[in-house]
Amino acid sequence: GDELRINPFGRSGEISWTPVSNTVSYSVEWASSLNGSWGTSWTQQTDIVPYPTGGALPAVPVPMYYRIKGDLLGDKMVLVPGGVFAMGDAFAEGDANETPVHDVFVSSFMMGKYEVTQALWSNVQSWALSNGYDFAGTISYEQPNDPVVGPSWYDMVKWCNAYSEMDGLTPCYYLENGDVMRQGAEPPEYRRNANGYRLPSEAEWE
C-alpha cells in the first residue's frame, strides 16, 4: 500500500521494509500457508534483527509467508495518497500570485481524520501551559466537540508542538536559536525530518 515499501529482493529467508512515515506503527504476521492462520508470536522463529528505520529482518525456516500491517495512529489520522493536481485560481477570483494554474506534485501524507475539537485543544493547551508554552489568543466554541475557531497561526504552531511532545513525537517547529517553539510569535523554522504534528501546506490543503 501507500504506507510502506517492501523489498522482495533480500537474501533467501529474509524480508525487509521501509516505513514512509515514523508515525505509522507496523507489525509483521507470519503463517506457514497463505490460508493462515496468521500469527505474531516469534517464539518458533530463528531470529529477528531490527533495522534503525523501524523495519525488521527475520531469519526463519522456509516455506513461510508474511504480511506487514500498518496502523495509521488508529482512528486519529488518515493517509492521503500523493499525486499530481492542478493548483491555483481556476476562476479568476484570487490574487495575482495564485495564477496561472499549474501542476503540483504532493507526496503522500497523513492528516487528522477530524477537525480539532475544543475538547482536544483544551486538553493539549492545559498540558502545554504546564510545560513552558504560552498562547496569546483565545478560541471560541459552543460545545466541547465543536471545531476550534479563532486561534492565531502562531498559537496553532505552538499547539502542534505541544501535541507532539505529549505523544512522544519530535516537534516540527523551532526558533532561530534551535529551541523548540513554545513561546512568542517569531516565524519558526519547519523541520521536515521531524515526525510530530504540523499544519498542512497550502498544496496539501488544496
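## Salt bridges, cysteines and helix α1

E204 is buried, at a relative accessible area of 16%. That value falls below the 20% cut-off, so E204 belongs to the buried class. The model is a predicted one. E204 pairs with R198 in a salt bridge, and their closest N and O atoms lie 2.8 Å apart. R198 is partly exposed, with 29% relative accessibility.

**Salt bridges**

The count for the structure comes to 6 salt bridges. Three of them are set out here, with the N to O distance and the relative accessibility of each partner.

| Acid | Base | N to O distance |
|---|---|---|
| D134 (28%, partly exposed) | K158 (2%, buried) | 2.7 Å |
| E189 (39%, partly exposed) | R191 (27%, partly exposed) | 3.6 Å |
| E204 (16%, buried) | R198 (29%, partly exposed) | 2.8 Å |

K158 forms its salt bridge with D134 at 2.7 Å. This pair links distant parts of the chain: K158 sits in helix α2, D134 in the loop between α1 and α2, and 24 residues separate them. K158 is buried at 2% relative accessibility. D134 is partly exposed at 28%. A network of salt bridges joins D134, D155 and K158.

The side chains of E189 and R191 also meet in a salt bridge, at 3.6 Å from N to O. E189 is partly exposed at 39% relative accessibility. R191 is partly exposed too, with a relative accessible area of 27%.

**Cysteines**

How many disulfides does a search of the whole structure find? The search returns 0. Why is C160 not bonded to C172? The sulfur of C160 is 7.8 Å from that of C172, its closest cysteine sulfur, and this is too far for a bond. A disulfide needs the two sulfur atoms within 2.5 Å. C172 is likewise in no disulfide, and its nearest cysteine sulfur is that of C160. C160 counts as buried, at 5% relative accessibility. C172 counts as buried as well, at 1%.

**Helix α1**

Helix α1 covers residues 118–129 and has 12 residues. From its first C-alpha to its last it reaches 16 Å, close to the 16 Å expected at 1.5 Å a residue. Which residues of α1 are buried? They are Q118, W121, V124, Q125 and A128. Seen down the axis of α1, these buried residues fall within an arc of 135°, so they line one face of the helix. What covers them includes α2, residues 153–166. Helix α2 also holds K158, the salt-bridge partner of D134.

Notes:
Residues numbered from 1 in each chain as written. Predicted model: local features only at pLDDT ≥ 70, side-chain atom pairs only at ≥ 80, totals over all residues. Heavy atoms only, no water. Helix = DSSP H or I, 4+ residues; strand = E, 2+ residues; numbered from the N terminus. Expected span 1.5 Å × (residues − 1). Buried < 20%, exposed > 50% of the residue type's maximum accessible area, 1.4 Å probe, protein only. Arc of directions from axis to C-beta. Contact = heavy atoms within 4.5 Å. Salt bridge = Lys/Arg side-chain N within 4 Å of Asp/Glu carboxyl O.
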